[in-house]
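Colleague: I would like to learn how to read helix packing and a chain interface from a set of coordinates. Could we take one example and go through its features in turn?

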Amino acid sequence: MKCSRIRRLSAFLDGEVTEEEKQHILEHLKTCPDCQKELEALHQVSDSLDSFEEIEPSPYFMIHLKQRIAEREARSFIRFPFVEWTRRVAVPVGTTALVIFSLFLGSYLGKAIYQVRAESESRLNMEFADLLCINSLDDFSEGSLSNVYNDLLTGEGE
Amino acid sequence: MSGKNRLEKIKSGYQWSRHKKEKDMKSTDDKENQNEELIKKVVEGDETAFEQMVKKYERRVLNTIYRYIGKSDEAEDIAQEVFIKVWHHAKSFKGKSKFSTWLYRIVVNQCLNYRSKHKERLASLDEIMEQGKTPESLKVEIEFERQRKSKIIRRAINKLPKRQRIAFILSKFEGKSYREIAQIMGVSLSSVESLIFRARGTLKKKLLPLRKKGEI
């Protein structure tokens, strides 16, 4: 069974342990053959990886980079008028138009609703008057009982 | 090598590794100040500053990508893409992290999103030999040997899962600390340690037997 400290050897090799832990590991390495072997193996792998070549950027790297940037900006410039027109003109104008339209619509609807309610109320009043036979009381003479009743119902004469 | 000698070698190796990282950290403060000035100018659209920045980082960026994907022609393509993003998104660098951290974040994202466009055609032994027998044959052999070893290592690294691969490359070849790698990759410190530990384990299994045979 492998030593449980083997896992820390990778970080140890990279110099990523605290000073305290480093001392513990160094002490531990004196007496643990598994860890010694493992660390040696990791060193050897690290040495082998030094054979991995580096490459140099081509001498045309900057020229090609600038060309690509210029091409991209040219493509977005062609799209620019439409996109920018949409963003700078159409959106604010559209929003303003929508707000004005909403105000007019609200006003119109308000009036319409008021009219409907007024008509409905008038109709109700007439039905109520018919129910109480108020209209039939209009022809009664001043001071008569029916006339007094009529005044009480309509609130006139107060 | 005796156990005691091996231990001494390991100790000195560790001290060198820590010293190098500490030395690198001190010099990075000056570099970061310079980088901040450069990036401010890039944000303002200063092309000269952008060119200076590219010159400063092109080799490192290119080699990180090359080591990740193993293909030199596509690596250059992707490296340019990184710098195009830097040019267009310089404004999004707020200075909360180091500039190199921000830059490598773009590199890592490009690498992790990479899909190969075509199969790389590696020079065959015949082609290398065709370059000349004598008096260039020694050069050809050395070149062949170098390419062969590099190919073996490249293949071994390419077999690593993406995140292990990029974490290992940033640590081993770019000399980034675990903390910096964690910031670049947007993961915890313990995740970085785990990724690198697993990557090393896999590479050890693949490369050590070859090393013992003398192939690398």
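Colleague: Is the crossing of α2(B) and α4(B) left-handed or right-handed?

Modeller: Please keep in mind throughout that this is a predicted model. Handedness is read by looking from the near helix to the far one, and the crossing of α2(B) and α4(B) turns out to be right-handed. The axes of α2(B) and α4(B), the latter spanning residues 99-112 of chain B, come within 10 Å and cross at roughly 30°. Because angles under 35 degrees count as roughly parallel, α2(B) is described as roughly parallel to α4(B).

Colleague: Which residues make the contact between α2(B) and α4(B)?

Modeller: On the side of α2(B) they are B:Y57, B:V61, B:T64, B:I65, B:Y68 and B:I69, while α4(B) contributes B:L103, B:V107 and B:C111. Sorted by class, the contact of α2(B) with α4(B) holds eight nonpolar residues and one polar residue, with no charged residue.

Colleague: At what angle do α1(A) and α9(B) pack?

Modeller: Here the two helices belong to separate chains, and the reading again begins with the axes: helix α1 of chain A, residues 6-13, packs with α9(B) at an angle of about 100°, the axes being 9 Å apart. Since the range 65 to 115 counts as roughly perpendicular, α1(A) is taken as roughly perpendicular to α9(B). The residues in this contact are A:R7, A:S10 and A:A11 from α1(A), together with B:E193, B:I196, B:F197 and B:R200 from α9(B). Their classes are three nonpolar, one polar and three charged.

Colleague: How many residues of chain B are in contact with chain A, and which element gives the largest share?

Modeller: An interface can be read from each side, and in this model 42 residues of chain B are in contact with 35 residues of chain A. On the chain B side, the elements that give two or more residues are α1 (3-43), α2 (47-69), α3 (72-89), α6 (137-158), α7 (162-172) and α9 (189-213). The largest share, ten residues, comes from α1(B). By class, the side of chain B that touches chain A has 17 nonpolar, eight polar and 17 charged residues.

Colleague: What is the make-up of chain A in helices and strands?

Modeller: A chain can be summarised by its elements and then by its burial and contacts. Chain A has five helices and zero strands, in the sequence pattern α-α-α-α-α. Of its 158 residues, 12% count as buried. Among contacts in chain A between residues at least 6 apart in sequence, 38% join residues at least 24 apart.

Notes
Residues are numbered from 1 along each chain as its sequence is written. Chains are lettered from A and ligands numbered from 1 in the order in which they are written. This is a predicted model: local features need pLDDT of at least 70, side-chain atom pairs count only at pLDDT 80 or more; totals for chains, interfaces and linings use all residues. Two residues are in contact if their C-beta atoms, placed from the backbone, lie within 7 Å. Helices (H or I, at least four residues) and strands (E, at least two) are DSSP runs, numbered from the N terminus. Ala, Val, Leu, Ile, Met, Phe, Trp, Tyr, Cys and Pro count as nonpolar, Asp, Glu, Lys and Arg as charged, and the others, Gly among them, as polar. A residue is buried if 20 or more other C-beta atoms lie within 10 Å of its own, exposed if 12 or fewer, and partly exposed in between; C-beta atoms are placed from the backbone. Axes are lines fitted to C-alpha atoms, for helices over the stretch in contact, and angles run from 0 to 180 degrees between N-to-C directions. Angles under 35 degrees count as roughly parallel, over 145 as roughly antiparallel, 65 to 115 as roughly perpendicular and the rest as oblique. A crossing is left-handed if the near helix is turned anticlockwise from the far one by less than a right angle, and right-handed if clockwise.
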